[in-house]
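Okay, can everyone see the screen? Let me put the model up and talk you through how the pieces fit together.

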Amino acid sequence: MPEKLAIEGGKPVREKPLRGGWPGAMMIGEEEKKAVLEVLENKSLFRYYGPNPKYKVAQFEKEFAEFIGTRYALAVTSGTAALNVGIAALEVGPGDEVIVPAITFIASAGAVACQRAVPIFAEIDYSLGLDPEDVEKKITERTKAIMPVHLQGVPCRMDELMEIAEKHGLKVIEDCAQAAGAKYKGRRVGSIGDVGAFSLQLNKLITCGDGGVVTTDDEEIYEKAVRYHDHGFFRGKEGGEPFVGQVYRMNELSGAVALEQLRKLDKIISLLRRVYDRVIDGIKDVDGIKLRETPDADGVAGVSVCFFTEDIETADKFIAALRAEGIPAGRLYGGKPVYSLPQILHQRTLNKAGCPWRCPLYKGKVEYRMGMCPKAEDIAMRAIFIYLSPLYTLQDADDIIHAVRKVAENLL
Ligand SMILES: Cc1ncc(COP(=O)(O)O)c(C=O)c1O
């Protein structure tokens, strides 16, 4: 007889529900406090000058580039800003198409459209990353770039994607918002494509509340990124060719926190991995569920554990049952593709000209509709995520295993 499920009145595995998420934030301590106070006490909150500047942002950029393994890192105000700056620096814009996965956060596709390029959606595979085969099918003469998104700390199939990009002369911008520190075949994500874009928003591996980083090895791309993020200026560098830009500069308070968080990133990942590895090991033999594929199992950051049920109805029941057991389970973005959001689906823009979709420079015609990436829509609805925390103990990991096995025994 299987144990009675909590959802049916049985005793829950956890009396006190587990709370996952906010990995970086949960590790905030004295270091961040001290660093912020130092900036405040010196009244120097701006990254480039002040009464007694501490240059926290500059130091953060130096250490971030070293950590990721790129020549350059540019700190900005958000992950969305990092995508916008990265896309702009690649000179992708009006008339161009960028291939984006069907399942991702709005920012990935939104930044493309805000840069006046057209997002084209491709399927994902069981790693929940871009499916290289479908990417190749979506390439047209207007395609300029591919955007792999390393969702929930799991790197995409970068070898295949880079090969396709090379074959077709496309740029690659990695959306690393959810994967700071994750590795693919020994290289950190954000150092493989032409540009990496990171987020430091609260629910990320490291955080300063809101912030982002652009990484690249290319000096020209870096210079364009710097100029685009600061009115076209490149402070401290003579010459060059200014162009009009935006302001996405990170301030020193954010930089102070980001720097201390970065110094904890290896620790955060190793704490997550301790729990992640144990849970994966404890559920891998459960009949009727399929674990998320990992193009490089060693490189996963361990933000969440993910597995698939055979059908959507079972996933609904599995999630509800896990929650009743006190386990933080759910679907990513409600299991919905990013093109189901009205601003993308209906191609809504603020001004009436309707660029990028109805732009005279755009020679293609795209329509978005539900069902356009059927594999992604199906996979996402069957994908169950359990969110982890660097604060979880091994007992917490065992509770997750217990709950998954208990629910599986009852439902499958
Ligand atoms: C995949 C992905 N891309 C981009 C972003 C945008 O980052 P931000 O919220 O810092 O603008 C996020 C984060 O929320 C994300 O999850």
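So, helix H12, residues 374-382, lies across strand E11 (304-308) and strand E13, and H12 runs at about 45 degrees to E13. Before I go on, this is a predicted model: local features need pLDDT of at least 70, side-chain atom pairs count only at pLDDT 80 or more, and totals for chains, interfaces and linings use all residues. Residues are numbered from 1 along each chain as its sequence is written, and side-chain values use heavy atoms, with hydrogens and water left out. When I say helix or strand, I mean DSSP runs, H or I of at least four residues for helices and E of at least two for strands, numbered from the N terminus. For angles, axes are lines fitted to C-alpha atoms, for helices over the stretch in contact, and the angles run from 0 to 180 degrees between N-to-C directions.

Now the sheet under that helix. It's an open sheet of four strands, in the order E10-E11-E13-E12, with antiparallel pairing. Pairing here needs DSSP to find at least two bridges between the strands. At the edges stand strand E10 (290-291) and strand E12 (329-330), each with a single partner strand, so one side of each has no neighbour in the sheet. E12 is joined to E13, residues 383-387, by two bridges, and the two run antiparallel. If you want a spot to click on, Gly330 stands opposite Phe385 in E13.

On to the other sheet. Seven strands make an open sheet, ordered E1-E9-E8-E5-E4-E2-E3, and the pairing is mixed. Strand E1 (72-76) and strand E3 (118-122) are at the edges with a single partner strand each, so one side of each is left without a neighbour in the sheet. The twist averages 25 degrees from one strand to the next.

Looking at the parallel pairs: strand E2, residues 97-101, is joined to E4 by three bridges, and Val98 stands opposite Ala145 in E4. E4 also pairs with E5 in the parallel sense, over two bridges, with Ile146 opposite Val172 in E5. How enclosed is E5? Largely, because four of its five residues are buried, where buried means under 20% relative accessible area, exposed over 50%, and partly exposed in between, using a 1.4 Å probe and protein chains only.

Then the helix that packs against part of this sheet, H6. Its buried residues, over the run 158-168, are Met158, Leu161, Ile164 and Ala165. Down the axis of H6, these fall within an arc of 130 degrees, so they line one face of the helix; the arc is that of the directions from the helix axis to the C-beta atoms. That's the usual geometry: an α-helix has 3.6 residues a turn, so residues three or four places apart point the same way. What do H6's buried residues pack against? Helix H5 (132-138), strand E4 (143-146), strand E5 (171-175) and strand E6 (183-184), with contact meaning heavy atoms within 4.5 Å. Turned away from the buried side are the exposed Glu163, Glu166 and Lys167. After H6 comes Gly169, with a positive phi, near 65 degrees.

Next, the cores. A nonpolar core is a set of buried Ala, Val, Leu, Ile, Met, Phe, Trp, Tyr and Cys residues joined through side-chain atoms within 4.5 Å. The largest one has 75 residues, and Phe121 and Met147 have the most contacts inside it. Helix H3, residues 79-89, gives the most to this core, with seven residues. Apart from it there's another core, of 64 residues, among them Met27, Phe64, Ile289 and Val305. Back at Met147, leaving out residues up to four places away in sequence, the residues it touches include Leu83, Ile87, Val112 and Ile173.

Last stop, the cysteines. How many disulfides does a search of the whole structure find? Zero, where a disulfide is a pair of cysteine sulfur atoms within 2.5 Å. The sulfur of Cys355 is 3.7 Å from the closest cysteine sulfur, in Cys359, and that's too far for a bond. For Cys208 the closest cysteine sulfur is 16 Å away, in Cys176, again too far. Cys208 counts as buried, at 14% relative accessibility.

Okay, that's my tour; over to you.
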